[in-house]
Amino acid sequence: MSEIGAFLLEKTVVGSVMFGVTLGVVAYATLGERKLSGFFQDRHGPNRAGPWGLFQPIADGVKFFTKEEFIPDRANKALFVIAPTFTFMAAGFLIAVIPFGDRIVVNGREILLQIADVNIGILYILAISSLGVYGVITGGWASNNKYSLMGGLRSSSQMISYEIAMGLAVVALLIDHGTLSLRQIVLNQTGPIWQWSVFTHPLGFIIFYVSAFAEAARIPFDLPEAENELVGGYHTEYSAMKFGLFQFGEYTHMTLASGLIATLYFGGWSIPWLTAPAEPTVWWGLLTFAVFWIKTFFFMFVFIWVRWTLPRFRYDQLMGLGWKKLIPLAVLNILAMAAILIATGGAGME
Amino acid sequence: MDSQTIVFAILALISLFGGIMVVTRRNPVHSILFLVLTFFCFAGFYVMLGATFLAAIQVLVYAGAIMVLFLFVVMMLNLREPEALEGGPSFFQTLGFIVAAGMAVLLLAYFAGRPGPGVPPFSAGETAYEVGGPESLGMLLFTEYVFPVEIAGILLLAAVIGAVALAKRKRV
């Protein structure tokens with residue numbers, strides 16, 4: 001087989017597997033959310049479809065496809081239909097650069113368990129997640145409903161504001177690691193557990209995690225869809241699979257944000273104190289893959305835990321927190337990090 | 001035809017389509033969304049030229065921030081689709097058409113018959129990838145071009161302070 005053919009085959013297989021596994025996790029994240037909410041509220045949660053309700057996501061999918069598709073009168077039809085796909089695309093594009101696992105060697109060919117290890121990994125993530133707002137804002141506008149529009153506008157200002165805090169938190173991390181490649185950042189964190197960035201960047205981690213909650217529009221920052229003020233926010237008028245796609249996009253965003261937190265601050269696929277074997281086998285690949293997902297599941301659990309524990313912020317409080325607390329804190333964090341690096345002559349100072 | 005040419009052709013077709021749609025749509029929201037599509041294709045061109053950093057910034061700043069603000073303003077103003085033109089184009093529309101057409105003629109006259117800059121091939125991509133990457137760009141910006149960077153920084157700071165002062169001014 002020619003080199004380009006082998007390359008295409010490798011990337012197709014790796015890409016399909018990563019995409020498929022992520023979507024499977026996302027589908028079961030909806031069940032996990034409902035099961036855990038049941039647990040937090042001292043009730044059972046869904047338990048009718050299959051053993052322990054395990055077929056619930058499939059039942060939900062069938063329901064979404066068979067319900068009536070409703071398009072409101074005087075809505076902008078083309079944009080109304082296409083808006084949910086924007087949300088899902090912006091979340092799905094992120095899969096391309098997430099390092100799901102280490103490299104493996106099969107038949108002398110090195111295969112990376114990551115679709116693309118690009119030298120602008122983190123910038124790519126920030127760029128793509130800044131596009132997530134289009135689905136929400138066009139959906140809200142195209143519905144021709146004032147509550148939908150309010151939800152869309154809130155969401156756009158919220159996402160733009162918190163992107164700044166998130167980006168600044170990442171800058172401090174980049175100064176330390178001296179690279180934008182996500183794989184290199186994971187490699188820098190291998191070794192003893194205190195190599196994890198969370199121990200060197202505790203403040204950056206907190207800012208990043210809070211911003212991730214706001215970017216994913218989860219409680220306590222789910223103002224774009226605050227149901228007691230805006231009915232259902234930007235998706236008030238949506239029904240059937242178009243609504244389902246909005247939900248699916250949101251859960252994809254939450255899953256990948258968790259994966260990103262695990263990658264940037266908790267060592268990604270690496271296992272503390274364990275170094276990669278010289279000839280990494282498929283088993284090593286599977287082990288790192290599993291470790292990545294275990295760390296990701298933990299942060300998804302925290303997302304759900306917070307949602308069913310904390311009340312919602314008020315809109316002006318949300319903006320105040322973003323602009324008056326998180327952004328100045330993030331700038332201080334960068335200055336402190338740079339000062340420490342200059343004082344100790346750390347990475348990138350040669 | 002190699003894979004580079006095919007990818008370039010696809011991107012060029014999409015960006016031309018997007019550009020034409022931007023100027024022909026009556027609904028400003030549609031125009032903005034097509035402009036986002038065009039910017040996306042530009043990012044694709046930057047990647048093909050090895051300028052990966054520029055590609056990411058193109059999407060992050062233009063598609064992700066500036067166009068969102070455009071969309072925000074258009075939606076807040078709630079512009080309706082304009083009625084069909086009555087009594088021919090206005091003075092400014094005529095002027096705009098003449099300027100745009102003149103620009104197109106000048107560009108065509110300059111580039112027609114000249115070979116394009118060409119696209120660096122994948123095999124030699126290693127160097128282009130390095131040159132256009134964030135590290136080499138950062139080194140250049142903070143050594144050779146540090147003075148322009150500082151000037152741009154001061155201009156931006158002035159703009160930020162101006163915006164805050166305007167927003168803070170007491171309303172009568």
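I began with the surface of chain B, whose accessible area comes to about 12,400 Å², with 76% of it belonging to carbon and sulfur atoms. I keep in mind throughout that this is a predicted model.

Staying with chain B, I looked up its secondary structure and found 7 helices and 0 strands, so that from the N terminus on the order reads α-α-α-α-α-α-α. Of the 172 residues in chain B, 24% are buried. I then turned to contacts in this chain between residues at least 6 apart in sequence, and noted that 62% of them join residues at least 24 apart.

Next I looked up the nonpolar cores. The largest has 97 residues, and those with the most contacts inside it are Tyr134(A), Phe208(A), Tyr209(A), Leu264(A) and Tyr265(A). Helix α11 of chain A, residues 240–265, gives the most to this core, with 10 residues. I followed Phe208(A) further: leaving aside neighbours within four places in sequence, its contacts are Met166(A), Ala169(A), Val170(A), Leu260(A), Ile261(A), Leu264(A) and Tyr265(A). Apart from the largest core I noted another, of 5 residues, which includes Ala12(B), Cys41(B), Phe45(B) and Met48(B).

Last, I went to the strands of chain A, where β1 (residues 103–106) and β2 (residues 109–112) run antiparallel and are joined by 4 bridges. Within this pair, Val106(A) stands opposite Arg109(A) of β2(A). The two strands, β1(A) and β2(A), form a hairpin with 2 residues between them, and I recorded for Asn107(A), in the turn, a positive phi of about 50°.

Note on methods. Residues are numbered from 1 along each chain as its sequence is written. Chains are lettered from A and ligands numbered from 1 in the order in which they are written. This is a predicted model: local features need pLDDT of at least 70, side-chain atom pairs count only at pLDDT 80 or more; totals for chains, interfaces and linings use all residues. Side-chain values use heavy atoms; hydrogens and water are left out. Buried means under 20% relative accessible area, exposed over 50%, partly exposed in between (1.4 Å probe, protein chains only). Contact means heavy atoms within 4.5 Å. Accessible areas come from the Shrake-Rupley method with a 1.4 Å probe; for residues, only the protein chains shown count as cover. A nonpolar core is a set of buried Ala, Val, Leu, Ile, Met, Phe, Trp, Tyr and Cys residues joined through side-chain atoms within 4.5 Å. Two strands pair if DSSP finds at least two bridges between them.
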